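Here's a quick briefing on the empty space in this model and the sheet beside it. Have a look at the structure first, then read on.

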Amino acid sequence: AKLPLAMSVVKKVERGPWTWDNELVLLDIDVDENSGALYQRPIGTKFTIEKLVKELLVNSDNTAYKILVRNMDQSELFSVVQEIGLEDLFIKDGRVSAKEYSRMFRALYTSSFLKRENSMKILQWLTETPFNDYLASGIPDGAKFAHKIGENEKLGVYSDVGIVYLHNRPFLLAMMIHTDDINKGREKAISLMNLVAKQSYEYIQAQ
């Protein structure tokens, strides 16, 4: 849910009343140690909107997520769903499809939801993420890959979706895996995504 949240927040910056420099305060209820490092900051710390969105996307920071969600209205969060046509993003049991999730990346690439400068800012931040175990492991080091991962080892769910900036041939790559192998599920997901990404890159490059 972090990418659609980021897009909704940036839309609020574009429409007002928020600006990138506005600050939001860290409260006790926002602290989440599961991902990111903002939870280590003292309660009462103020973060700019830009800092929170960047941490949300680059480091998948859960504390940044909770601060932003707490300060957004449901109607604002739903705007990305309505305007991009993502009503089917989450099916009834809460799962998300690779096809639907990839539509957000297409909207960013074509700047159809946000202004071009902001779409490019989000995509640039997504190239800076340190989470490179999945599809990114099969993409050559010199190629930019703007992507967002998702993982839940307890449920055996692993995903990676993004845009590979192959010279003159950028392409969208999305892969989601569900495995019942609790012990080696992550290892298998990494291996399969590496193979698919490598072969996809080589295929597109050869065209």
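About 40 Å³ of space lies in the largest cavity of this predicted model. The structure holds 1 cavity of 30 Å³ or more, while the largest pocket comes in at a volume of about 1,200 Å³. Strand E3 turns up in both linings: it gives the largest share to the cavity, 3 residues, and the largest share to the pocket, 5 residues.

**The cavity**

- Which residues line the largest cavity? They are Leu57, Val58, Ser60, Thr129, Phe131, His147, Lys148 and Ile149.
- Helix H2 (49-58) and E3 are the elements that give two or more residues to that lining.
- Sorted by class, the cavity lining has 4 nonpolar, 3 polar and 1 charged residues.

**The pocket**

- A total of 31 residues line the largest pocket, and Ile149, Gly150, Glu151, Asn152 and Ser159 lie nearest its centre.
- Two or more lining residues come from each of helix H1 (2-15), helix H3 (62-70), strand E3 (144-152), strand E4 (157-165) and strand E5 (171-178).
- If you're thinking about chemistry, the pocket lining splits by class into 13 nonpolar, 11 polar and 7 charged residues.
- Ile149 is worth a click: this residue lines the largest cavity and is also among those nearest the centre of the largest pocket.

**The sheet**

- How many strands form the open sheet, and in what order? There are 3, in the order E3-E4-E5, and the pairing is antiparallel.
- E3 and E5 are the edge strands, each pairing on one side only.
- On average, and with direction ignored, neighbouring strands of this sheet are turned by 5 degrees against each other.
- As a bit of background, strands of a sheet pair through backbone hydrogen bonds, in either a parallel or an antiparallel way.
- Between E3 and E4, which run antiparallel, there are 9 bridges.
- His147 stands opposite Gly162 in E4, and His147 is also one of the residues lining the largest cavity.

**The helix on the sheet**

- Helix H6 (residues 116-127) packs on the sheet and touches E3 and E4.
- What angle does the direction of H6 make with that of E3? It's about 70 degrees.

**To take away**

- E3 is the strand to keep in view: it is an edge strand of the sheet, is touched by H6, and gives residues to the linings of the largest cavity and the largest pocket.

Technical notes: Residues numbered from 1 in each chain as written. Predicted model: local features only at pLDDT ≥ 70, side-chain atom pairs only at ≥ 80, totals over all residues. Heavy atoms only, no water. 1 Å grid on protein atoms, 1.4 Å probe; cavity = no way out; pocket = protein on both sides within 12 Å on 5 of 7 lines; lining within 4 Å. Points joined across faces, edges and corners; volume = space filled by probe spheres on them. Helix = DSSP H or I, 4+ residues; strand = E, 2+ residues; numbered from the N terminus. Nonpolar A, V, L, I, M, F, W, Y, C, P; charged D, E, K, R; others polar. Pairing = 2+ DSSP bridges. Axes fitted to C-alpha atoms, helices over the stretch in contact; angles between N-to-C directions. Contact = heavy atoms within 4.5 Å.
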